[in-house]
There are 2 protein chains.
Amino acid sequence: MINALAILEPGGKLEPFRYDPGELSTHDVEIAVSHCGICHSDLSMIDNEWGRSQYPLVPGHEVVGTISALGSNVKNLSLGQNVGLGWQSSYCNHCSLCMNGDHNLCREAQPTIVGRHGGFADKVRADATSVVPIPDGIALDTAGPMFCAGSTVFNPLVEYEIKPTAKVGVIGIGGLGHLALKFLNAWGCEVTAFTSSESKASEASALGAHNTINSRDPEQIKQAKDRFDFILSTVNVKLDWNLYLTTLSPRGRLHFVGITLEPLDIAVFSMLGSLRSVSASPVSSPTTMSRMLEFARRHNIQPSVEKFRFDDANDAVDRLRSGEAHYRVVLER
Amino acid sequence: MINALAILEPGGKLEPFRYDPGELSTHDVEIAVSHCGICHSDLSMIDNEWGRSQYPLVPGHEVVGTISALGSNVKNLSLGQNVGLGWQSSYCNHCSLCMNGDHNLCREAQPTIVGRHGGFADKVRADATSVVPIPDGIALDTAGPMFCAGSTVFNPLVEYEIKPTAKVGVIGIGGLGHLALKFLNAWGCEVTAFTSSESKASEASALGAHNTINSRDPEQIKQAKDRFDFILSTVNVKLDWNLYLTTLSPRGRLHFVGITLEPLDIAVFSMLGSLRSVSASPVSSPTTMSRMLEFARRHNIQPSVEKFRFDDANDAVDRLRSGEAHYRVVLER
């Protein structure tokens, strides 16, 4: 039996919940969970904001732990190994996307907390291909957020081959944004934080931003005309996207990793004269996660987290909801 | 003096108009105009649809002719040479974009018919860097539309390095779209035409499309789920862009060269799971126009046009407005 914490109805509180995971599949592993980060998409799932939630719902998809059981066909992981698990916990492993290393885009990728139970538990299972070894030198107590937040902001740097000479803007300094600042600084870029909070401007600097722009001040934004090669939006609110597009240099890209539910109302004229693009991406593939961990270790990058005991998981969720967390909340045993 | 045809007020008719172009600048050339295509953006400028028109307005930015006078500093062109001129008739030639060959993105690029007079005339002048030699083997009477329509649809194939193995959709089979079909077929791609007109389905096939999809039939569009690597929209109307996005394969791009004035209302979720992009681009640089002409000559590609005498220019404009032209209207002397 697995001892978990589950939400029983939309917006509900976490309650103890036991379930029988059945026999371990030949390609799966079981992870003894030591830590689990909490992501905004856990809140979206708790609240059924995307209409995809099934209850009881066990949140948690920023899992860190050790391998406690191995399916008979698993060759690449070993018992006791430190591993992480993110938003996706299995892939078809045979489609052209999987065969090309793009597991994260696989049509049959199974989200860890959609129709199955996640990491707010003593154990969680996943297909071995979705489980990422954590190399020595990565602190386990802060590593959880790497597997969703980290992988989500690191992925576009790899995908779009962002150059160290690039000028990059990051909108929103939260769970995703604070990691984006750290990665981009180490990547060699000129890093600008767009933030609505005055207090976060100095924090942004400590996190790696060379400049900050007040995202509530259209005049400041206008002054950044034609400046950025790449802007990463980590927020889920509607901003004046056409204004942000004016701050992109020719061939610049406004890229969304935060899920803004309101349509983007982009004007063709905002893109056309300067060959600008708008795009969005999900979490990364397991291979890119491994590359991210290697990069993070070399540059001593780790998520800034506030820790709560699993027993205080409801307080932890409330803390994340408050918007005050610096910058990610992690549950520990 | 230059003998031109001008519009004197928004939506007006063309009338004879003479103007003195002054002394020829050292870096300019004068072109004796033999042919001039008519583009939808001429109509937009005639009607002041973009709020940028100045009257008297001499339309015409798909110019073909011969060099009739050379500024003293022009070294790369010669008297009597066959040349073309498109939407842009000068660049700053020193900004980082010009220095990088991206003249078409230059902030000081001068549109041929905005604040100066275009090709509905016996002569037109332009900076030599914006004037493109027409190689032997390109028919002059149909070449005009290459310099705006052709360059606009050819440009993204170069810009995004479209692969001959790609599956590409083209929305709208008009002045731009019919050339896109011809180019893409020669480029090696699988070509699908989206068209609202049943009659154009068979025409699309003759122009190079391997398949057609009725753009007014959402069911047909849904069946093309995940299919296209690239979709080029040449229309200026609002379509269900989120539905079109579903027809893009992972990393697919919905690209606008037609100027849709209504905002695009793109949902982040329509792009995110499959790393899709939305973008737009203007006409190409002169260098890319030369490359296009070389490609067109090798593959025997020329615009399909209806010809009118310059004296019948008002009839020609009306014909373009009717939406019935196959597929571009060209004025000849």
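This report walks through a predicted model with two chains, A and B, from their symmetry down to single residues.

## Ground rules

The model is predicted, so local features need pLDDT of at least 70 and side-chain atom pairs count only at pLDDT 80 or more, while totals for chains, interfaces and linings use all residues. Residues are numbered from 1 along each chain as its sequence is written, chains are lettered from A and ligands numbered from 1 in the order in which they are written, and side-chain values use heavy atoms, with hydrogens and water left out.

## Two copies, one axis

Start with how the chains relate. A turn of 180° and a shift of 0.0 Å along the axis lay chain A on chain B with an RMSD of 0.0 Å (a least-squares fit on the C-alpha atoms of residues with pLDDT of at least 70 in both). That's the relation of a two-fold axis. In chain A, the C-alpha of Asp265(A) is nearest the axis, 2.1 Å from it. Both copies use the same surface: 100% of the contact residues of chain A recur in chain B, where contact means heavy atoms within 4.5 Å.

## A sheet shared by both chains

Now for the sheet: 12 strands form an open one, in the order S12(A)-S11(A)-S10(A)-S13(A)-S14(A)-S15(A)-S15(B)-S14(B)-S13(B)-S10(B)-S11(B)-S12(B), with mixed pairing. Strands here are DSSP runs (E, at least two residues), as are helices (H or I, at least four), numbered from the N terminus; two strands pair if DSSP finds at least two bridges between them. At the edges stand S12 (211-214) of chain A and S12 (211-214) of chain B, each with a single partner strand, so one side of each has no neighbour in the sheet. From one strand to the next, the twist averages 20°.

Zoom in on S10(A), residues 167-171. S10(A) runs parallel to S11(A), joined by five bridges, with Lys167(A) opposite Glu190(A). S10(A) also pairs in the parallel sense with S13(A), residues 228-233, over four bridges, and there Ile171(A) stands opposite Ser233(A). Four of the five residues of S10(A) are buried, meaning under 20% relative accessible area (exposed is over 50%, partly exposed in between, with a 1.4 Å probe and protein chains only). Helix H5 (175-187) of chain A lies across S10, S11 and S13 of chain A, at about 165° to S10(A); the angle is taken between N-to-C directions, from 0 to 180 degrees, using lines fitted to C-alpha atoms, for helices over the stretch in contact.

## The cores

A nonpolar core is a set of buried Ala, Val, Leu, Ile, Met, Phe, Trp, Tyr and Cys residues joined through side-chain atoms within 4.5 Å. The largest has 140 residues, and those touching the most other members are Val131(A), Trp241(A), Val278(A), Phe120(B), Val131(B), Trp241(B) and Val278(B). Leaving aside neighbours within four places in sequence, Phe120(B) has contacts that include Leu5(B), Leu14(B), Ile38(B), Phe310(B) and Leu331(B). There's also a second, separate core of 49 residues, with Cys92(B), Val170(B), Leu179(B) and Ile301(B) among them.

## Helix H10 of chain B

H10(B) covers residues 286-298, and its 13 residues should span 18 Å at 1.5 Å a residue; the end C-alpha atoms are 19 Å apart, which agrees. (The expected span is 1.5 Å times one less than the number of residues.) Its buried residues include Met289(B), Met292(B), Leu293(B) and Phe295(B). The buried residues of H10(B) pack against S9 (131-133), H4 (149-159) and H5 (175-187) of chain B. Just after H10(B), Asn300(B) takes a positive phi of about 55°.

## Backbone oddities

Most residues other than glycine have a negative phi, and most peptide bonds are trans. Leu275(A) has a positive phi of about 55° and sits in the loop between H9 (268-272) and S15 (277-280) of chain A; at 3% relative accessibility, Leu275(A) counts as buried. Glu161(B) has a positive phi of about 50°, but at 63% relative accessibility Glu161(B) counts as exposed.

A cis peptide bond joins Tyr55(A) and Pro56(A), with omega about 0°, and the bond from Tyr55(B) to Pro56(B) is cis too. Pro56(A) lies in the loop between H1 (40-46) and S4 (63-70) of chain A.
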